Amino acid sequence: ASATVLDVLDASALDVETKDYGGGFVALCRINAFGCPADDCFCQAESWAFWLLNASGTDWDMAPVGIAAYTPADREVVGFSWTGWDESWNPLVKPPVYTFEQLEPPAEIPEPATLALLGSGLLALGGYVGLRRRVR
């Protein structure tokens, strides 16, 4: 089964608070300590806006549905901004633009101690094999 943005947020290491208003509308209230508590999700003039990175990767489009109804495609970048709203309920602040490649963590690099241990183990193994060949 595919995960919605809400599923991904819930599975993340972030401390996320949401409020289910029914009818499929789940509001994002707080990310870590930023935002409003779930029991008063719209406690301030600002709230979380949900964005999708456009196909060219240069700007954000407002998501057409909420976090509980949107299933992102593989490697699709979604974003959130803490923002005020104009009189037509358009968000005033977009998040900065980052591509998936910029957000993807680098491949794990072994610690120097791990490399030293591996190197010394290979050196010892090589010495043992060399010693055995000389003995024969």
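This passage describes the nonpolar cores, a surface patch, the salt bridges and one exposed loop residue of a predicted model.

The largest nonpolar core comprises 15 residues, among which Val5, Leu9, Leu28, Phe50 and Ile67 touch the most other members. Two or more residues are contributed to this core by each of the helix α1 (5-11) and the strands β2 (26-31) and β4 (47-53). Apart from this core lies another, made up of five residues, including Ala49, Leu53, Trp60 and Val77. In soluble globular proteins, nonpolar side chains tend to be buried together. The surroundings of leucine 28 can be given in detail: when residues up to four places away in sequence are not counted, leucine 28 touches Leu9, Val16, Glu17, Thr18, Cys41, Trp48, Ile67 and Phe80.

One of these contacts, Glu17, also takes part in a salt bridge, since glutamate 17 is paired with arginine 30 and the closest N and O atoms are 3.8 Å apart. The pair links distant parts of the chain, with glutamate 17 in strand β1 (residues 16-20) and arginine 30 in strand β2, 13 residues apart. With a relative accessible area of 23%, glutamate 17 is partly exposed, because this value lies above the 20% under which a residue is called buried and does not pass the 50% required for an exposed one.

A search of the whole structure finds two salt bridges, and the other joins lysine 94 to aspartate 59, with the closest N and O atoms 3.1 Å apart. Here too the pair links distant parts of the chain, 35 residues apart: lysine 94 is in the loop between β6 (78-83) and α2 (100-103), whereas aspartate 59 is in the loop between β4 and β5 (60-62). Lysine 94 counts as partly exposed at 40% relative accessibility, and aspartate 59 is likewise partly exposed, with a relative accessible area of 32%.

On the surface, a nonpolar patch is formed by Tyr21, Phe25 and Phe42, which together have about 310 Å² of accessible area. Phenylalanine 42, a member of this patch, is found in the loop between β3 and β4 and counts as partly exposed, at 44% relative accessibility.

A further loop residue, alanine 33, is found between β2 and β3 (34-35). Alanine 33 has a relative accessible area of 69% and is therefore exposed, the cut-off for that class being over 50%. Although alanine 33 and aspartate 15 are 18 residues apart along the chain, their C-alpha atoms are separated by 7.7 Å.

How values were computed. Residues numbered from 1 in each chain as written. Predicted model: local features only at pLDDT ≥ 70, side-chain atom pairs only at ≥ 80, totals over all residues. Heavy atoms only, no water. Core = buried A, V, L, I, M, F, W, Y, C linked by side-chain atoms within 4.5 Å. Buried < 20%, exposed > 50% of the residue type's maximum accessible area, 1.4 Å probe, protein only. Helix = DSSP H or I, 4+ residues; strand = E, 2+ residues; numbered from the N terminus. Contact = heavy atoms within 4.5 Å. Patch = residues over 30% accessible without salt bridge, like charges linked within 9 Å, V, L, I, M, F, W, Y side chains within 5 Å. Areas by Shrake-Rupley, 256 points an atom, 1.4 Å probe, with all protein chains shown as cover. Salt bridge = Lys/Arg side-chain N within 4 Å of Asp/Glu carboxyl O.
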